[in-house]
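Student: I have a model open and would like to learn to read it. Can we go through it feature by feature?

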Amino acid sequence: MMKRWTLIVAVIVAVALAFVPLVGSDTMIQFGINALLLATLAQSWNILGGFGGYVSFGNSVFYGLGTYGTAIAMTNYNLPFGVGLVVGVILAMIGAALVGLPILRLRGPYFAIATLGLNGAMMAIFSNLPIAGSNIGLVLPLTRNDTMFYELALGLLAACTLTVLWISRSRYGMGLIAIREDEDAAGTMGVNATLYKVSALILASIFTAVAGGIHAYWSTFVDPASAFDSTLNVRMVIMCVFGGPGTVFGPVIGSFVLSTVYEVLAAQISTAAALLFGFVIVLAVVFMPRGLADVVKGGKGLSWRYFIRNIRENRL
Amino acid sequence: MTEPLLNIQNLTAGYGAVPVLFDLTLSVNAGEIVAMVGSNGAGKTTLLRAISRVIPAKGTLRFMGEDLGPLPPEGAFTRGLVQVPEGRQLFHHMTVEENLAMGAHLRRDPGVAASFERVYSLFPKLKERRKQLAGNMSGGEQQMCAMGRALMANPKLLMIDEMSLGLAPVIVDDLLAILVDIRAAGIPVLLVEQDVFAAFSVADRAYVMETGRVVREGAVADLKNDPAVVDAYLGVAD
């Protein structure tokens with residue numbers, strides 16, 4: 001169970017982060033918006049991926065739907081930003097239900113493979129939709145207010161993390177964990193696996209879509225390639241797994257750490273950053289396959305033996 | 001006469017176009033252990049799947065006076081029809097305690113702590129090992145854990161599929177003794193078994209199944225002396 005001080009520290013960190021725009025530079029705030037949105041994506045991926053054990057490469061579709069829902073509502077219909085977000089969320093939820101019901105019948109790698117194709121399919125569809133600006137994309141009205149976007153992103157991450165905290169303590173979360181551990185056994189214990197999995201995907205799609213909508217309004221431009229970016233989904237998976245899948249704060253910490261590492265690398269050695277980033281991830285998978293959260297939990301007892309044991313247990 | 005707890009009449013079930021159970025009639029009353037025995041492929045597991053509403057079935061299927069026909073699997077579970085699946089199906093990477101908690105995860109009543117106590121008093125071994133990973137225990141302990149997990153759901157009828165599978169006879173005897181305790185605690189048991197000796201040693205009544213049909217039924221005391229049953233299953237040479 002979660003220790004009380006973890007929660008207290010989390011609240012203090014969240015409050016401290018809220019004051020960053022008052023003191024930080026423009027670059028720092030912009031980095032912050034990106035990092036917070038990425039953390040939200042990793043955290044929402046955690047709902048089905050970390051707790052339910054279903055590795056999805058289709059979550060970037062919900063990001064794209066949120067992006068386009070907001071963009072279409074704001075540019076074609078002159079609706080306010082808030083309404084745009086709602087449109088994006090509804091699109092993503094419908095998408096999650098339509099995609100989830102058939103595809104979540106597949107298990108393990110087969111589910112992952114099936115989700116791989118979704119992103120490309122969606123990109124092809126939106127490239128041919130006149131309402132979405134076809135290949136060219138859409139330009140949203142310009143708003144220069146980075147502080148607002150920062151606070152929105154922070155609020156969204158807080159809401160997503162609170163949802164995951166609730167999941168980790170609820171019978172709903174217990175059911176998801178049961179599905180991850182053994183889906184047949186979960187069925188014997190009265191868990192309606194289909195309902196749990198599809199609702200987890202829909203829940204994830206909500207936060208993912210809002211993140212997409214915020215990013216669209218902030219960057220003022222969407223096109224199919226940036227909205228349905230499959231590497232974005234890979235980053236969600238990496239950040240969540242790096243931090244600790246199936247934990248409450250792991251994905252957030254993991255994505256903050258990786259965003260910072262990437263930013264520093266990109267500033268120092270520009271093009272080789274991606275290469276080094278890959279190297280960091282390989283090391284992380286070899287030495288701490290259960291993520292940062294598991295390393296931190298070791299606390300004072302942590303030594304080099306922990307990392308060696310991971311290598312041995314995973315037969316590397 | 002009052003309706004039995006589990007009342008199955010003329011049940012037909014199968015997989016797609018392939019029928020497995022034909023016109024099957026079976027009942028379990030309060031306070032008894034009923035054995036369903038038969039060899040491989042007789043349809044024993046299919047019967048449990050039909051009762052648990054995992055596969056569709058035709059015929060009368062009533063539990064505590066309620067028609068189970070239209071219920072989903074979790075509906076049957078929440079009404080107290082709890083199964084201990086063949087091969088245990090424990091959550092191997094979770095501790096014994098977590099496995100037991102999983103059995104109670106749909107319960108909203110305040111009696112969960114009392115259920116833990118009851119399970120631990122029936123299976124003292126589980127209390128000793130409650131912080132251990134379920135996957136690291138012996139087969140017999142895993143079977144105990146699976147039975148304990150099912151009991152945590154507060155069953156009105158416990159259905160056990162192949163309890164003796166892969167276990168040493170000594171362990172099976174221990175588990176059989178616990179079944180008697182479970183019956184004494186007011187929970188009737190439907191025991192589906194290949195090991196006819198074991199099943200007959202605790203059951204009150206028994207059904208013998210062959211290729212999807214009940215071929216013999218009655219009190220265990222009578223079946224033990226039925227020449228056909230003795231010949232086919234108990235293997236006693238003259």
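Student: Start with chain B. How many helices and strands are there in chain B?

Tutor: Keep in mind that this is a predicted model. Chain B holds ten helices and ten strands.

Student: How do I judge the overall form of chain B?

Tutor: Compare its radius of gyration with what the globule rule gives. For chain B the radius is 17 Å, close to the 18 Å from the rule for 238 residues, so chain B is as compact as a globular protein of that length. Along the principal axes, its C-alpha atoms fill a box of roughly 45 × 45 × 35 Å.

Student: What share of the residues in chain B is buried?

Tutor: Of the 238 residues, 44% are buried. Then look at the contacts. Take those between residues at least 6 apart in sequence: 67% of them join residues at least 24 apart.

Student: How does chain A read by the same steps?

Tutor: Chain A has 16 helices and two strands. Its radius of gyration is 19 Å, close to the 20 Å that the globule rule gives for 316 residues, so chain A is as compact as a globular protein of that length. The C-alpha trace spans about 55 × 50 × 40 Å along its principal axes. Buried residues account for 47% of the 316. Among contacts with a separation of 6 or more, 75% are between residues 24 or more positions apart.

Student: Now the interface. How many residues of chain B are in contact with chain A?

Tutor: There are 16 on chain B, in contact with 14 residues of chain A. Next, ask which elements supply them. Helix H2 (73-78) and helix H3 (96-103) of chain B each give at least two residues to this side. H2(B) has the largest share, four residues. Then sort by class. The side of chain B that touches chain A has nine nonpolar, six polar and one charged residues.

Student: Let me try a sheet. What is the strand order in the open sheet of four strands in chain B?

Tutor: The order is E2-E1-E4-E5 of chain B, and the pairing is antiparallel. For the edges, look for strands with a single partner. Strand E2 (18-28) and strand E5 (66-67) of chain B each have one partner strand, so one side of each is left without a neighbour in the sheet.

Student: Which bridges hold E4 of chain B in place in the order?

Tutor: Count them pair by pair. E1(B) and E4(B) pair over six bridges in the antiparallel sense. In that pair, B:Leu6 stands opposite B:Phe63 in E4(B). Strand E4 (residues 57-63) pairs with E5(B) over two bridges, also antiparallel. There B:Phe63 has B:Glu66 as its bridge partner.

Student: What links E4 and E5 of chain B?

Tutor: They form a hairpin with two residues between them. In the turn, B:Met64 has a positive phi of about 50°.

Student: Which helix lies across this part of chain B?

Tutor: Helix H1 (residues 44-51) lies across strand E1 (6-15), E2 and E4 of chain B. H1(B) runs at about 70° to E2(B).

Student: How do I read a covered strand?

Tutor: Check burial, then see which way each residue points. In strand E7 (residues 157-161) of chain B, five of its five residues are buried. B:Leu157, B:Met159 and B:Asp161 point one way, and B:Leu158 and B:Ile160 the other.

Student: Which strands pair with E7 of chain B?

Tutor: Strand E6 (residues 81-84) of chain B pairs with E7(B) in the parallel sense over four bridges. One of the partnerships is B:Val82 with B:Leu158. E7(B) and strand E8 (residues 189-193) of chain B are also parallel, over four bridges. Here B:Leu158 has B:Val189 as its bridge partner. The chain crosses from E7(B) to E8(B) through helix H7 (residues 169-184) of chain B, and this β-α-β crossover is right-handed.

Student: Why look at the sign of phi?

Tutor: Most residues other than glycine have a negative phi. A:Thr220 has a positive phi of about 60°. A:Thr220 sits in the loop between helix H10 (193-219) and strand E2 (221-222) of chain A. B:Gln89 also has a positive phi, near 50°. B:Gln89 lies in the loop between E6 and H3 of chain B.

Student: Are these two residues buried or partly exposed?

Tutor: Count C-beta neighbours; 20 or more within 10 Å means buried. A:Thr220 has 15 inside 10 Å, so A:Thr220 counts as partly exposed. B:Gln89 has 21 others within 10 Å, so B:Gln89 is buried.

Key. Residues are numbered from 1 along each chain as its sequence is written. Chains are lettered from A and ligands numbered from 1 in the order in which they are written. This is a predicted model: local features need pLDDT of at least 70, side-chain atom pairs count only at pLDDT 80 or more; totals for chains, interfaces and linings use all residues. The radius of gyration is taken over C-alpha atoms; the globule rule is 2.2 Å times the number of residues to the power 0.38. A residue is buried if 20 or more other C-beta atoms lie within 10 Å of its own, exposed if 12 or fewer, and partly exposed in between; C-beta atoms are placed from the backbone. Two residues are in contact if their C-beta atoms, placed from the backbone, lie within 7 Å. Ala, Val, Leu, Ile, Met, Phe, Trp, Tyr, Cys and Pro count as nonpolar, Asp, Glu, Lys and Arg as charged, and the others, Gly among them, as polar. Two strands pair if DSSP finds at least two bridges between them. Axes are lines fitted to C-alpha atoms, for helices over the stretch in contact, and angles run from 0 to 180 degrees between N-to-C directions. A crossover is right-handed if, with the strands pointing away from the viewer, the path from the first strand over the helix to the second runs clockwise.
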